[in-house]
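Here is a briefing on side-chain links and burial in one protein chain. Please keep the structure open while reading.

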Amino acid sequence: MRERAAGVGVATGELRGKEWDEPETHGETRSCAFMEPSIHALELLGVLFSGGAWLCTLATTLMSTWRTLSTDLLTTESYEFGLWETCVVQDVGTLECRPHNSLLDLPPEIRLARILMCVTLAAGLLALLLAVPGIQVVNSCAGRLEDLQCKRAMKMAGGALCLVAGVLGLIPVSYVAHLTVLQYFDKSMPEVLPRWEFGDALFCGWTAGVLHLVAGTLLLTSCWFLQGENCNSAVPVSLARVQPEPPSIRSRSEYV
């Protein structure tokens, strides 16, 4: 009977070696959260440029220096013309501003600039609100594949809105600058009359438009690189089972 029990033990050991010693491989889905540092850098730069562009757009909209005028006859004063008010600057440092009384009294380019700059501010703010939770460094989702695709869609929408805001912001600034150049070189006006010139707000608006375009390009580029990442590829992971203790053969032989 002991020989019989020993044979049972050998057979059990062989079966255990065949069944438990061979590791099994299972597929594990790779998460998109583990990306290259270059994608994180593109996302952060896009968000930073978008925030800076929106601040420059806000400053451009509120500044009263869209056009400036200074005369040789009265050198102690200079005039500033903005979207919302007209200001008189004196050499002693005093600034006196008066808001525009009526929208209908404004030139057509200023009315158009008002509308487009307000739309640019709304589009830039919406783009920033969509892009910030869409980047991977912000913990806005649980990390599942569906949530990561949602983050990518939000970031793509933010990048597209940044491009729209950049184009909308460049249109009024460039149009006002174009009309200012035409009026400055208008030979039908007498040379003794003062001419309007470029103000600081135009340069700030051009900077805001370029920053918006750069921010949108960076965000969309990060989305394109993220699309190239294979988020559903299976990575083989070996899983070893825990070997259970063999049955007690000795106790069975003692009873026999």
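In this predicted model, the side chains of E43 and K155 meet in a salt bridge, with N and O 2.4 Å apart. The two residues sit in distant parts of the chain, E43 in helix α2 (residues 37–62) and K155 in helix α4 (residues 145–184). They are 112 residues apart. Both E43 and K155 are buried.

**Salt bridges**

- How many salt bridges does the structure hold? There are two.
- Besides the pair of E43 and K155, R67 forms a salt bridge with E109. The closest N and O atoms of R67 and E109 are 3.1 Å apart.
- R67 belongs to strand β2 (residues 67–70) and E109 to helix α3 (residues 108–134), so this pair ties together parts that are 42 residues apart in sequence.
- Are R67 and E109 buried or exposed? R67 counts as buried, at 5% relative accessibility. E109 is buried too, with a relative accessible area of 8%.
- In general, side chains of opposite charge can pair when their charged atoms come close.

**Disulfide and other cysteines**

- One disulfide turns up in a search of the whole structure. C87 and C97 form it, with sulfur atoms 2.0 Å apart.
- The link of C87 and C97 is right-handed, with 105 degrees about the S-S bond.
- C87 lies in strand β4 (residues 85–90), and C97 lies in strand β5 (residues 95–99), so the disulfide ties together parts that are ten residues apart in sequence.
- The two ends differ in burial class: C87 counts as buried at 0% relative accessibility, whereas C97 counts as partly exposed at 32%.
- Why is there no bond between C204 and C56? The closest cysteine sulfur to that of C204 is in C56, 4.6 Å away, which is too far for a bond. The cut-off for a disulfide is 2.5 Å between sulfur atoms.
- C204 counts as buried, at 18% relative accessibility. The limit for buried is under 20%.
- C223 is buried as well, with a relative accessible area of 1%.

**Aromatic pairs**

- The whole structure contains five aromatic pairs.
- One of them joins Y184 and F185. Their ring centres are 5.1 Å apart and their planes stand at 80 degrees, so the pair is edge-to-face. The cut-off for that class is over 60 degrees.
- Y184 counts as partly exposed, at 37% relative accessibility. F185 is exposed, with a relative accessible area of 60%.
- F203 and W206 also form an edge-to-face pair, 5.6 Å centre to centre and with 75 degrees between the planes.
- F203 and W206 are three residues apart in helix α5 (residues 200–228), so about one helical turn separates them.
- F203 is partly exposed, with a relative accessible area of 44%. W206 counts as partly exposed at 25% relative accessibility.
- Which residues form one aromatic cluster? F198, F203 and W206 do.

**T120 in helix α3**

- T120 has its place in helix α3. It is buried, with a relative accessible area of 1%.
- The side chain of T120 reaches the backbone oxygen of L116, at 2.7 Å.
- What does T120 touch, leaving aside neighbours within four places in sequence? T120 is in contact with T57, A165, L168 and G169.

**Overall layout**

- The protein has six helices and seven strands. Along the sequence, the pattern reads α-β-α-β-β-β-β-α-α-β-α-β-α.
- Of the 256 residues in the protein, 32% are buried.
- Among contacts with a separation of 6 or more, residues 24 or more positions apart account for 70%.
- The exposed area of the protein is about 15800 Å². Carbon and sulfur atoms supply 63% of this area.

Technical notes:
Residues are numbered from 1 along each chain as its sequence is written. Side-chain values use heavy atoms; hydrogens and water are left out. A salt bridge is a side-chain nitrogen of Lys or Arg within 4 Å of a carboxyl oxygen of Asp or Glu. Helices (H or I, at least four residues) and strands (E, at least two) are DSSP runs, numbered from the N terminus. Buried means under 20% relative accessible area, exposed over 50%, partly exposed in between (1.4 Å probe, protein chains only). Rings of Phe, Tyr and Trp (its six-membered ring) pair if their centres lie within 6.5 Å; planes under 30 degrees apart count as stacked, over 60 as edge-to-face and the rest as tilted. A polar contact is a pair of N or O atoms within 3.5 Å; within protein, one must be able to donate a hydrogen and the other to accept it, and residues adjacent in sequence count only if both atoms are side-chain atoms. Contact means heavy atoms within 4.5 Å. Accessible areas come from the Shrake-Rupley method with a 1.4 Å probe; for residues, only the protein chains shown count as cover.
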